[in-house]
Amino acid sequence: MDSQSTLMPCLDCAAMNRVPRDRLGLGPVCGRCRTPLYSGKPATLTSSDFDSKAMRGELPMLVDFWAPWCGPCLAMAQPFAEAAAQLEPSVRLAKVDTEAEQALAARYAIRSIPTLILFAQGREIARQSGGMGSRQIVQWTRSQLPSS
């Protein structure tokens, strides 16, 4: 892979796409399903597609582990969506419903919700529990990314 492009999975069909870095912000679409690679909102991940969509690719992925009965999780839903619009295209965002995806919650030892986990190159690089506003989510995420 050359440094002028990045490899990223489609969050709809999981196909891998090679996108020139200078075109990331120009609305690239998946080569297989033609779905936009960025939607401006978090994707929903499940146990069946988590590894193929969150753990592959070269761009960091911020995942919100939440539950529908959790007040702070519901309060953070809109700020998290707003953060997606600010962090894309350099970071992708997704949500995992821990109530529906208990195996994923156990795999990542989610003990409190909401919990944000930042993944890079298939590894967890940072974790933060508790509700935050969109500005805090963006600042925290950017502070955890390695300088490039």
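The exercises below, each with a worked solution, concern the strands and the cavity of a predicted model.

**Exercise 1. The hairpin**

Determine how S1 and S2 are joined, and which side chains of S2 are buried.

*Solution.* Begin with the pairing. Strand S1 (residues 5-9) and S2 run antiparallel and are joined by 5 bridges. Within this pair, Met8 lies opposite Asn17 of S2. Next, consider the connection: 6 residues lie between the two strands of the hairpin, where Ala14 adopts a positive phi near 75°. Finally, follow the side chains along S2 (residues 16-20), taking buried to mean under 20% relative accessible area. The side chains alternate: Asn17 and Val19 are buried and point to one face. Met16, Arg18 and Pro20 point to the other face and are not buried.

**Exercise 2. The open sheet**

Establish the strand order of the open sheet and identify the strands at its edges.

*Solution.* The sheet has 5 strands in the order S3-S5-S4-S6-S7, with mixed pairing. S3 and strand S7 (123-129) each have a single partner strand and stand at the edges, so one side of each lacks a neighbour in the sheet.

Now examine the individual pairs:

- S3 (residues 43-44) and S5 run parallel, joined by 2 bridges; Ala43 has Ala94 as its bridge partner in S5.
- S4 (residues 61-66) pairs with S5 in the parallel sense over 6 bridges, and Trp66 stands opposite Asp97 in S5.
- S4 and S6 (residues 115-120) run antiparallel, with 5 bridges between them; here Asp64 faces Leu116 in S6.

To complete the picture, trace the connection from S4 to S5: together with helix H2 (residues 71-87), these strands make a right-handed β-α-β unit.

**Exercise 3. Burial of S5**

Explain why S5 is described as largely enclosed.

*Solution.* Count the buried residues of S5 (residues 92-97): 6 of the 6 are buried, so the strand is largely enclosed by the rest of the structure. Then inspect its two faces. Arg92, Ala94 and Val96 are buried on one side, and Leu93, Lys95 and Asp97 are buried on the other. Both faces of S5 are thus covered.

**Exercise 4. The cavity**

Find the volume of the largest cavity and characterise its lining.

*Solution.* A search of the whole structure yields 1 cavity of 30 Å³ or more. The volume of the largest cavity is about 40 Å³. Its lining includes Met8, Pro9, Lys53, Ala54 and Arg92. S1 and helix H1 (50-54) each contribute at least two lining residues. Sorted by type, the lining comprises 5 nonpolar, 1 polar and 4 charged residues.

Note on methods:
Residues numbered from 1 in each chain as written. Predicted model: local features only at pLDDT ≥ 70, side-chain atom pairs only at ≥ 80, totals over all residues. Heavy atoms only, no water. Buried < 20%, exposed > 50% of the residue type's maximum accessible area, 1.4 Å probe, protein only. Helix = DSSP H or I, 4+ residues; strand = E, 2+ residues; numbered from the N terminus. Pairing = 2+ DSSP bridges. Right-handed = clockwise from strand over helix to strand, strands pointing away. 1 Å grid on protein atoms, 1.4 Å probe; cavity = no way out; pocket = protein on both sides within 12 Å on 5 of 7 lines; lining within 4 Å. Points joined across faces, edges and corners; volume = space filled by probe spheres on them. Nonpolar A, V, L, I, M, F, W, Y, C, P; charged D, E, K, R; others polar.
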